[in-house]
Amino acid sequence: MELSKTFDPESAERWYERWVELGYFTADPARPGPVFSIVIPPPNVTGQLHLGHALNVTLQDIIVRARRMQGYNTLWVPGTDHAGIATQNVVEREIAKEGTNRHQMGREAFERRVWQWRETYGGRILHQLRRLGASCDWTRERFTLDQGLSRAVIEVFVRLHQQGLIYRERTLINWCPRCETALSDLEVSHKEVDGKLYYIRYPFEDGSGAVTVATTRPETMLGDTAVAVNPEDTRYQGVLGRTLRLPLIGRAIAIIADASVDSSFGTGAVKITPAHDFNDFALGKAHGLDEIATMDGRGRMTAAAGAYAGMDRGECRIAVLRDLEAQGLLEKTQPHRHALAVCSRCDTVLEPMLSTQWFVKIKPLAQKAIAAVREGRTRFHPRFWENTYFNWMENLHDWCISRQLWWGHRIPAYHCGQCGNTMVAAHKPAACDRCESVRLVQEEDVLDTWFSSGLWPFSTLGWPDDTPDLRRYYPTSLLVTGFDIIFFWVARMLMLGLEFTGQVPFRDVYITPLVRDQFGKKMTKSRGNVVDPLEIMETYGTDAVRFTLAQLAVQGRDLILSNDRLAASRAFANKIWNAARFVMMNLQDAAHPVAPVPKDKLGLAERWILSRLRSATAEINAAIDAYEFNAAASRLYHFIWHEFCDWYIELSKDPLRRGGADQHAARYVLVHCFDHLLRLLHPFMPFVSEELWQALRPFIDEPGLRAHLAVAAFPKASDEDPLTQAESLAMAHCLEATEAINSSRALVGVHPGQRVAALIKPLDQAGGFTSEFDTWKAYAAVMARADLALMPAEDAASRRGKVPSTLAWGEVLIEPPAAFDVEKTRNSLRKKLNELRGHLDKHRARLSNQEFLQKASADTREEMEERTVELTSQVGLLEKQLNQLSESV
């Protein structure tokens, strides 16, 4: 197979469909081997690939491909979430363009329309995941509303209800007037706003004065049923128990005492609206107050609002304030910054709303899930996320699971039209179990999307049936997900998994970092800095995008993505391609396969690169096992770019030219190393690695060699190091001397292609170093383009005019060209050094300034710290170069 001159990512990416056709990603529970199973966090059916998905899926694919190559029985389940509110909103907008709405269509017709939309557009994101190289088992693709998962949802609901863990209650809940549905506490966002505090006089019923209350929401006063003060507040000791007349409505309300009232807020007297405020609802229950709902589900005022009935809540506020002012009851208005509860999906200001909803009693479930993490049955990576998990799990409220939508799992409850009885059952009962009426109507509400998602790890494997997949692949091995859904999803999967299977749903949870732009800013549409992964895959190639994301995925740190990093990964792919062309060019007349060469027949350079491969293999395997994807990628990069390409390819050229046994040994080592580095690379860059491995495959001597790299064996570190400790030290000296010569060459202005004279002066003047030097002298001469010699001991004449580099084990001195002006170079370096020291001092001063640290954003501080590290390194290099020139005689 002849390789083109340049790497074409699009051409290499054709391998994906071939892997799928050959069934390489299809799991078989009967297959032997240890199990590695994972379920994809199901993206919304409405979704399109974004960088968070790209990072998440890339990291999953790295571990899945590595485990598959390591011989694990591997299963990666793909699928999508029906995304109740999001999907219903998309389709409602679509039908609105046709001049209709869901209520006019009717429930059945609207549900059919959503299913049609899902069939047309719902698989879009899964096709995009294929583009990224995700090696999922597509024969097991699931959807949270498919028949099997729907059956599991009903089973769980019915069982929880039978255990008394699901109940129905009329209470105050978070309500979105835009989505027209209840929300759980986790679906509520809070944002600080600059609002106003309105001071309103509530007259005593007997006309003898008034009590002033302060509120941020004057429109809710129409539902007030009391005014409360703290019993310790001396300002109100004489008015407790007296009756007020509610302005604008005229209802008589009492002044009551309650210790929960904050005397420092406003006037210390607070209006109590049990039907529209969570604190007031609890206080109202304690005092037996009426609950008067003055708004409906669309945020419009009800008949209980009197003259304001029919108004939107915003219009009502304006009208109420106008009328209060006209009646002289609006005492004053003050600016007031406060938090607003908004819908996490549409950003609409929420209303606390009295409503009958279904709830899960969460604490009995949470206790088991807390214990599972405390006991290490499920581990978080990084570990600090466990504290976040515990803090939330130990302060839970019951979970509101009903939603006033049409798209989703309809709650399996049936209401009797005769006696009002409610029955929960997997199938519609024939008659009411209380009055035997057949007038049964199913509950209109659907379940929270996260209810079905919480069953994902075991429902996708066939639960509640005892399937081969469930027995073989559950519990799953790993969950890769974002920190923002630890509570929405991870905690609920743990609770429900433990309750219904008796086992944790996953052994490990890897929390992905947040992807930021090159300036460290969070990517948002409003900033205009959102990066489309499909676009950067087109520009840089999928392999480059994957490798960049892996290299930057440091546990516990945000990921800073830049075009420079992407371009560097593309250059890495090209570097590997060019290395492959060198290898293949030198195998043109080689035997198929290239026969192995015994270790004792290999030269020092060949055994050195095999030793470095052994070390890299061990470190990469360890990093993958620890989910340290960045460490694995970085070690791989260092081995391929520096140790193999920069060093060994250069060292192999002489034996390749010599022919005979030396040439055969070099060919064998090139094939062996390149084969292994492609195998190590495959989980990170699957396309370029497969393309090159197919070219190399005929030369690989391995019994039972697989047809494709995707299923070839992953390398393991050999037990024995090909190098002795002394040989390893000798090669380290060789490389350090070479680097020192090349660095000094650049300092004194010797062209890279021009040979230079170099002297080596070891600290240890004993004869042992001379023997060592003889083993690597020829290698350094090739790589440094230098004529090397050992400097006679205490030979001052030999030092004269040379530029030295001091190493831990000695000195390396080179002869500068005759035209080199030492003093001019020193002055130039001093000028640069002074400039950089000035910048460094300013950065350090700012980082020592507490006022700056308090005012600066986290992004600014991080940027300043990174620049300080960079400046420190540059200053250190210039100081070293000045020392070199100062030591030259």
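Two strands count as paired when DSSP finds at least two bridges between them. Keep that in mind for the first stop on this tour of a predicted model.

**Stop 1: a four-stranded sheet**

Select residues 756-762 and 810-814, which are strands E26 and E29. They run antiparallel to each other and share five bridges. For one rung of that ladder, pick Ile-760 and look across to E29, where its bridge partner is Val-812.

Now bring in the neighbours. The open sheet has four strands, ordered E27-E26-E29-E28, with mixed pairing. Color E27 (786-790) and E28 (803-807): these are the edge strands, and each has a single partner, so one side of each has no neighbour in the sheet. Ignoring direction, neighbouring strands here are turned by 20 degrees against each other on average.

**Stop 2: salt bridges**

There are 58 salt bridges in the structure, so let's visit just a few.

Show Arg-67 and Asp-625 as sticks; their closest N and O atoms sit 3.0 Å apart. This pair ties together distant parts of the chain, with Arg-67 in helix H3 (residues 51-69) and Asp-625 in helix H20 (residues 604-625), 558 residues apart. Which of the two is buried? Arg-67 is, at 7% relative accessible area, while Asp-625 is partly exposed at 44%.

Next, jump to Glu-444 and Arg-107, another salt bridge with 3.0 Å between the closest N and O atoms. Glu-444 is in the loop between strands E20 (440-442) and E21 (446-447), and Arg-107 is in helix H6 (residues 107-121), 337 residues away. Glu-444 is partly exposed at 41% relative accessibility, whereas Arg-107 is buried at 12%.

For a local pair, select Glu-650 and Lys-653, whose side chains meet at 2.9 Å, N to O. Both belong to helix H21 (residues 629-658), and being three residues apart puts about one helical turn between them. Glu-650 is partly exposed at 26%, and so is Lys-653 at 27%. Then add Glu-111 and Arg-410 to your earlier selection: with Arg-107 and Glu-444, they form one network of salt bridges that share partners.

**Stop 3: the second largest pocket**

Finish by centring on Thr-216, Arg-217, His-276, Asp-277 and Ala-339, the lining residues nearest the centre of the second largest pocket. Its volume is about 1300 Å³, and 40 residues line it. What is the lining made of? It divides into 15 nonpolar, 13 polar and twelve charged residues. To see the elements around it, show helices H9 (278-287) and H10 (313-326) along with strands including E7 (188-203) and E13 (330-343), each supplying at least two lining residues.

Key: Residues numbered from 1 in each chain as written. Predicted model: local features only at pLDDT ≥ 70, side-chain atom pairs only at ≥ 80, totals over all residues. Heavy atoms only, no water. 1 Å grid on protein atoms, 1.4 Å probe; cavity = no way out; pocket = protein on both sides within 12 Å on 5 of 7 lines; lining within 4 Å. Points joined across faces, edges and corners; volume = space filled by probe spheres on them. Nonpolar A, V, L, I, M, F, W, Y, C, P; charged D, E, K, R; others polar. Axes fitted to C-alpha atoms, helices over the stretch in contact; angles between N-to-C directions. Salt bridge = Lys/Arg side-chain N within 4 Å of Asp/Glu carboxyl O. Buried < 20%, exposed > 50% of the residue type's maximum accessible area, 1.4 Å probe, protein only.
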